[in-house]
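Let's look at a structure together and ask, term by term, what earns each label. Here it is.

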Amino acid sequence: MLIDDRILSMFYGWKLSHQLEDEFAAFYGMKYAVAVSSGTAALHCAYSAIGIGAGDEVIVPANSFITAATAALQLNAIPVFADINPTTVVLDPHDIERHITPRTKAVVAVHLYGNPVDMEAVCEVARRHNLLVVEDCAQAHGATIKGRKVGTFGDVAVYSLCCRKHMNAGEGGMVMTNNAEWAQAVRRFANKGKGTAWWDYRHIGYSYTMTELQAVFGLATLRRLPEAIARRRQLADIYWNRLGRTDLELLKEPEGYTFIYFKFPFKLPRSLESAVPWFEAAVSAENVVVERSYPCLYQVPWIRRKEYSAWQLTENGRDIVYRDGDCPVAEDTCGRLLAACTGPGIDEPEIHQTVDAILKVYDFVKARWPDLPPLPGQ
């Protein structure tokens, strides 16, 4: 695949980025896809396109990558945090309704680690309350529920194409929808808020265009996406076969769901929660990477203190309080969850090396806790 006309990027995209949009939408059976510069940009564009703005409340899972919340704050909307399912560690549809107020505009289903949210239940709640549904599929390219790909259930879906994803362009993002008006709104927002004419300034916008170089890699990895999913599931089987013999808590797929294992998450027993930092550091000392969970978002200090103008602009923003105990499952999960790598570029011997390190450290921690030696540098 070549960039044969020497154009590396263009306002509103160019030939290869448009080709990527067409093939991406076709892969999901959707009408419109708009390529942008990152997954974070995709969230910002999508939220703006569907009309999220100052004072609106957006329900996001408390266990998530932070951009599901910060993209709302960029539009002066207020993130409200809902709890998660303890088995899949993604948004619990049964916890949405207690957070709905007259100001609630949308609910964001983040398919974290490639684990699908129960989208049938989320959409049912949203329909009853006239809410929009955003699917954050940044880590879930090709994950399915009963044979249907995530990203096709809600009103708009966003994807990341950054370096560690199943489909990647080094960096990049995609917004997908069946709504033509929203697709055009995304394209304007990503191109400085302009319409089709050069001086047609419609509203505030940003420079979020995808380059042709990104599109080249995006097209190549999109065409290999089924292969990449199958490969990571094969590697996840190794984790399952070996770690499944321990009392570590593994995340089981609900019937009819297909996880795509962006990473392989597992939980330490509650009795060892305080040992998580030691466990992570000790595994790293074995030349293996195992990462702790994302923090429970309302426990992030600047979010807890509401250190952004969005909270000060509206009465409801000033009244919202983020306190411990709001989402007990998320707090418990974020305290004990770790994730091992599955790719890209990782082979079976490396997975076995990772498991060896996890088991070695875990056996040591269980035998010595709470009398663990200090780690080097502590």
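The questions below set values against definitions.

This is a predicted model, in which local features need pLDDT of at least 70, side-chain atom pairs count only at pLDDT 80 or more, and totals for chains, interfaces and linings use all residues. Residues are numbered from 1 along each chain as its sequence is written, and side-chain values use heavy atoms, with hydrogens and water left out.

Q: What makes helix α2 largely enclosed by the rest of the structure?
A: Buried means under 20% relative accessible area, exposed means over 50%, and partly exposed lies in between (1.4 Å probe, protein chains only). Helices (H or I, at least four residues) and strands (E, at least two) are DSSP runs, numbered from the N terminus. In α2, residues 39-49, 9 of the 11 residues are buried, so the helix is largely enclosed. Among them are Leu43, His44, Cys45 and Tyr47.

Q: Why is serine 38 said to cap the N-terminal end of α2?
A: A side-chain oxygen of serine 38 lies 3.4 Å from the backbone nitrogen of threonine 40. A polar contact is a pair of N or O atoms within 3.5 Å; within protein, one must be able to donate a hydrogen and the other to accept it, and residues adjacent in sequence count only if both atoms are side-chain atoms. After α2 comes glycine 51, whose phi is positive, near 95°.

Q: Why is the pairing of arginine 98 and aspartate 95 called a salt bridge?
A: The term asks for a side-chain nitrogen of Lys or Arg within 4 Å of a carboxyl oxygen of Asp or Glu. For arginine 98 and aspartate 95 the N to O distance is 2.4 Å, and they form a salt bridge. Aspartate 95 has a relative accessible area of 10%, so it is buried. By this rule, the count comes to 21 salt bridges.

Q: What does the salt bridge between arginine 304 and aspartate 324 tie together?
A: These side chains meet at 2.7 Å, N to O. Arginine 304 is in helix α9 and aspartate 324 is in the loop between α11 and α12, so the pair ties together parts that are 20 residues apart in sequence. Arginine 304, at 29% relative accessibility, counts as partly exposed.

Q: How do you know that arginine 336 and aspartate 332 are separated by about one helical turn?
A: They are 4 residues apart in helix α12. An α-helix has 3.6 residues a turn, so residues three or four places apart point the same way. Their side chains meet in a salt bridge of 3.0 Å, N to O. Arginine 336 is buried at 0% relative accessible area, and aspartate 332 is buried at 17%. Both belong to a network of salt bridges with Glu249 and Arg270.

Q: What makes histidine 99 count as buried?
A: Its relative accessibility is 11%, so it counts as buried. Histidine 99 lies in the loop between β3 and β4, and a polar contact of 3.5 Å joins its side chain to that of arginine 98.

Q: Which peptide bonds are cis?
A: One joins glycine 343 and proline 344, with omega about 0°. Another runs from tryptophan 369 to proline 370, with omega near 10°. Most residues other than glycine have a negative phi, and most peptide bonds are trans.

Q: Why is asparagine 287 called exposed?
A: Its relative accessible area is 66%, so asparagine 287 is exposed. Its phi is positive, near 65°.
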